[in-house]
Amino acid sequence: MKKDYPLIKKQDRAIYETIVEETARQTEGLELIPSENYTSPAVMEAMGSVLTNKYSEGYAGKRYYNGNEFIDEIERTAIERAKKLFKVEHVNVQPYSGSPANLAVYLACCQPGDVVLGLNLPDGGHLTHGWKVSATGIFYRTLPYHVRKDGKIDIDEVRKLAKQHKPKLIWAGATAYEFKYDYSEFAKIADEVGAYLAVDIAHIAGLIIAGAHPDPVPHAHIVTTTTHKTLRGPRGGMIMVTKRGLKKDPDLASKVDKGVFPGLQGGPHDHQTAAIAIALKEAATPEFKRYGKQIVANAKALAKSLKKHGMTLVGGGTENHLLRIDVSPIYGPGGGIFGSDALEVAGMTANKNTVPNDPGTPFYPSGIRIGTPALTTRGMKEKEMEKVGEWIARAIKAVGTYHLPSDNKERAAYIAKFHADSRKNKELLKIREEIRKFTKKFPLPHEKKR
Ligand SMILES: Cc1ncc(COP(=O)(O)O)c(C=O)c1O
């Protein structure tokens with residue numbers, strides 16, 4: 001199935017051309033952002049279907065608009081599939097994305113001003129786990145816990161903060177974390193202080209389904225996820241309530257549903273719901289389980305290759321789908337920008353990221369975050385990861401002479417010169433060409449013959 005967008009081409013040349021360019025970028029480069037993936041043609045078909053035309057405020061059987069007979073069926077199917085796949089008691093599939101899903105959990109479990117614990121953002125936590133500029137940090141009294149020097153969550157600090165401040169809600173989960181979670185310890189702490197335990201599995205949902213990461217469902221009261229990362233569906237979010245959750249609070253399912261609608265959202269995106277249902281069916285196959293296990297095998301192989309080529313990794317490696325390179329030994333404090341931009345010129349997309357005890361800032365962090373979900377979808381295995389690690393290391397070293405000026409005023413001019421120079425860097429352009437040839441052997445899902 002080739003996607004060539006004939007109608008957009010005819011009607012809106014400007015948008016058509018950018019889609020074509022973006023398609024080439026996604027096809028000819030290596031996608032290393034651990035929260036991204038390539039979804040299936042069936043999921044994309046649902047996203048472009050007539051379902052986008054419908055309004056369905058409310059829930060199946062209790063809508064505010066007429067004409068929802070078929071939408072109800074779609075939403076019920078998505079819910080049943082999610083319940084079976086994650087082995088949970090209740091699912092809400094309406095959150096527009098991961099951030100609104102998490103905000104709805106606050107509405108379900110807390111009053112404004114209540115205390116909430118979450119992993120500090122520079123330590124790998126997500127904005128919605130209470131970072132100060134997020135609505136979650138503005139409307140709730142959020143207290144951050146941290147990782148230790150070895151990059152692992154400081155569970156003693158979680159217990160200490162919980163005992164001292166008696167939170168209503170504790171978040172486990174992260175956006176940049178390489179290790180498995182000790183969910184049973186989080187559950188014990190939550191029980192000790194009477195808090196709800198919400199586990200955000202946005203990054204690792206696909207790994208959990210595949211049995212490649214521990215399952216939080218027996219321990220958590222609530223589990224939230226995005227549907228577009230390792231789960232490989234459309235952009236979207238889900239909130240799940242577990243048996244433990246209903247035992248703690250029999251009203252939790254209805255509180256969650258009320259948190260989503262009318263608490264936070266209006267009409268659900270029905271095309272997205274159908275696409276989520278399709279992705280959940282795909283995720284229930286043995287093939288998907290193999291995929292999830294291969295993501296982790298690939299991340300470990302990539303870590304090995306990067307270390308062999310002289311890179312320093314946070315925590316020394318990875319137990320899941322992502323890893324972070326600490327580039328401060330190469331560029332000094334705050335130099336992640338040089339590495340992530342060099343990768344981009346060389347045809348690899350990653351993002352600059354904080355590392356534990358970062359000597360830089362969240363905007364100028366000292367690390368680069370990379371992951372294997374998208375490369376694994378393209379069919380790459382351990383052998384290819386060896387090569388990818390070598391390309392990453394070569395690109396990072398190719399601009400190894402750059403250091404972020406400590407004087408704020410000097411930075412803009414220095415970075416502008418770096419941008420201009422890096423785009424002419426012969427080594428980076430050579431890698432880009434090597435990658436362009438290499439990616440031809442690994443078609444995207446929509447390019448494969450069916
Ligand atoms: C752990 C975690 N939770 C929630 C989100 C938010 O998802 P979204 O960007 O879909 O709002 C993300 C996004 O990166 C995430 O990493």
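Let's start with helix 15 and helix 17, which are oblique to each other. In this predicted model, helix 15 covers residues 336-345 and helix 17 covers residues 382-398, and they pack at an angle of about 120° with their axes 8 Å apart. Angles over 115 and up to 145 count as neither roughly perpendicular nor roughly antiparallel, so oblique is the word here. The crossing of the two helices is right-handed.

Who makes the contact? On helix 15 you'll find Gly339, Ala342 and Leu343, and facing them on helix 17 are Ile392, Ala395, Ile396 and Ala398. By type, that contact divides into six nonpolar residues, one polar and no charged.

Now, helix 15 has other company too: it lies across strand 11, strand 13 and strand 14, running at about 165° to strand 13. Those strands form an open sheet in the order 11-14-13, with antiparallel pairing. Strand 11 (322-326) and strand 13 (351-353) stand at the edges with a single partner strand each, so one side of each has no neighbour in the sheet. From one strand to the next, the twist averages 40°.

If you zoom in on strand 13 and strand 14 (residues 367-371), you'll see antiparallel pairing over three bridges. Lys352, for instance, has Ile368 of strand 14 as its bridge partner. Helix 13, residues 286-308, also lies across strand 11 and strand 14, at about 15° to strand 11.

Last stop, the ligand. It is surrounded by 14 residues, with Ser97, Gly98, Ser99, Thr175 and Ala202 the closest. Helix 5 (residues 98-109) gives the most to this shell, three residues. The shell divides into 11 polar residues, two nonpolar and one charged.

How values were computed: Residues are numbered from 1 along each chain as its sequence is written. This is a predicted model: local features need pLDDT of at least 70, side-chain atom pairs count only at pLDDT 80 or more; totals for chains, interfaces and linings use all residues. A residue is near a molecule or strand if its C-beta atom, placed from the backbone, lies within 6 Å of it. Helices (H or I, at least four residues) and strands (E, at least two) are DSSP runs, numbered from the N terminus. Ala, Val, Leu, Ile, Met, Phe, Trp, Tyr, Cys and Pro count as nonpolar, Asp, Glu, Lys and Arg as charged, and the others, Gly among them, as polar. Axes are lines fitted to C-alpha atoms, for helices over the stretch in contact, and angles run from 0 to 180 degrees between N-to-C directions. Angles under 35 degrees count as roughly parallel, over 145 as roughly antiparallel, 65 to 115 as roughly perpendicular and the rest as oblique. A crossing is left-handed if the near helix is turned anticlockwise from the far one by less than a right angle, and right-handed if clockwise. Two residues are in contact if their C-beta atoms, placed from the backbone, lie within 7 Å. Two strands pair if DSSP finds at least two bridges between them.
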